[in-house]
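Trainee: I should like to examine how the descriptive terms for this model are justified. May we take them one at a time?
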Amino acid sequence: MATHFFGITDRTFAYSFSIGRNEFGGTGFRNPVGLAVNGETIYVVNRSYENRPDGVRITVCTYNEDFIGEFGSAGEGDGQLIWPSDIAVDSDGKVYVSDEYLHRITIFDKDGNYLSKWGKPGSGEGEFNGPASLAMTGDGHVLVADAKNHRIQKYTLDGQFVAQCGSYGDGPGQFNMPWGVNVDADDNIYVADWRNDRIQKLSPEGESLAVYGSSGSGVGQFNRPSDVCVDPDGDMYIADRENNRVQILAPDGRFLAELLGDHQISKWGKEKLQSNPDMIRQRALAIAHDRGEFEKRFCNPCAIWIDDQYRILVLDHVRGRIQVYTKSDTPVLA
């Protein structure tokens with residue numbers, strides 16, 4: 001359950017269930033960095049480790065932890081990835097994956113078959129220096145957080161440059177390694193401004209509308225926020241990565257709640273334990289030590305997705321799992 005600080009609140013955020021476990025292949029994730037949802041299908045980007053390139057892939061599953069499959073592999077060829085950063089799905093079901101190392105966007109069909117790629121290293125129009133998060137706009141374009149060029153770029157779905165906004169700095173409309181990007185129902189742009197420890201709201205044309213947060217660990221402060229997501233009500237959900245939490249802000253920037261993690265073992269996790277008695281004993285000892293608090297909590301939450309049923313998916317980078325929460329509008333005394 002989320003923590004609230006302002007007495008009566010008309011929003012509650014309750015933990016529901018978890019998806020996943022740490023694995024280099026198959027039914028699990030390894031150093032996941034991004035996710036996207038299309039209906040009941042969940043796509044998770046796994047960066048793995050440099051010494052374990054076999055774990056670089058896209059995992060495809062459902063909310064019920066039905067394993068659909070995986071695609072992509074480590075390498076520089078067509079359809080391959082080195083440092084994948086994020087993923088997005090368009091209205092036709094095509095899948096777009098950004099690659100921080102290869103400075104490009106790779107497109108797959110819904111079944112994971114390679115279709116095309118676009119982008120190249122550089123700082124000009126249509127060029128990237130460490131592309132990070134992706135977001136689909138309501139008018140049929142894709143936004144790219146071009147992290148090390150300190151800007152947001154807008155493209156057609158076939159890779160034609162449309163516009164850009166931002167420059168290096170800490171003023172309104174400026175960025176220092178923007179990482180997460182999202183849009184609301186009006187195509188306003190929200191940016192997790194990673195090195196500036198803040199969230200920025202921009203107009204669809206890229207004009208600064210608001211700035212939220214500052215560096216720190218207190219209420220409304222951030223330590224390397226890596227993603228931001230906006231629900232249909234305009235509430236903002238921020239992956240406050242180095243503070244190991246998710247903060248939730250109202251549309252006006254007012255602090256609403258924080259999520260610290262409430263994990264309960266997933267279906268895939270249970271299946272692994274059932275086949276490994278030694279792991280069952282080790283887990284029992286760990287839980288006895290701290291009553292399971294360590295296991296519950298986030299460790300570098302890195303990406304967030306909110307679906308049309310107000311299910312909030314929080315991707316946990318270190319622990320290789322998704323914790324799912326639900327939002328309701330039943331008033332409670334916090």
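Trainee: Why is strand β30 (residues 321-328) described as largely enclosed by the rest of the structure?

Mentor: First, the basis: this is a predicted model, in which local features need pLDDT of at least 70, side-chain atom pairs count only at pLDDT 80 or more, and totals for chains, interfaces and linings use all residues. Residues are numbered from 1 along each chain as its sequence is written, and side-chain values use heavy atoms, with hydrogens and water left out. Buried means under 20% relative accessible area, exposed over 50%, and partly exposed in between (1.4 Å probe, protein chains only). Six of the eight residues of β30 are buried, so the strand is largely enclosed. A strand here is a DSSP run (E, at least two residues), numbered from the N terminus.

Trainee: What makes β3 (residues 12-19) a partner of β30?

Mentor: Two strands pair if DSSP finds at least two bridges between them. Seven bridges join β3 to β30, and the two run antiparallel; F13 stands opposite K327 in β30. Strand β29 (residues 311-316) also pairs with β30 in the antiparallel sense, over six bridges, with V314 opposite Q323. β29 and β30 form a hairpin with four residues between them, and G320 in the turn has a positive phi of about 60°.

Trainee: Why is S123 called exposed?

Mentor: Its relative accessible area is 53%, so S123 meets the criterion for exposed. S123 is found in the loop between β14 (120-121) and β15 (127-128). Not counting residues up to four places away in sequence, S123 touches N149 and R151, where contact means heavy atoms within 4.5 Å.

Trainee: What distinguishes a cavity from a pocket?

Mentor: On a 1 Å grid over the protein atoms alone, a cavity is a set of points where a 1.4 Å probe fits but cannot get out, whereas a pocket is an open set with protein on both sides within 12 Å along at least five of seven lines; lining residues have an atom within 4 Å of a point. Grid points are joined across faces, edges and corners, and a volume is the space filled by probe spheres set on the points. The search of the whole structure finds one cavity of 30 Å³ or more, and the largest cavity has a volume of about 40 Å³. β10, β24 and β28 each give two or more residues to its lining.

Trainee: How large is the largest pocket, and which residues lie nearest its centre?

Mentor: The largest pocket has a volume of about 880 Å³. Of its 36 lining residues, V37, M136, N182, W305 and I306 lie nearest the centre.
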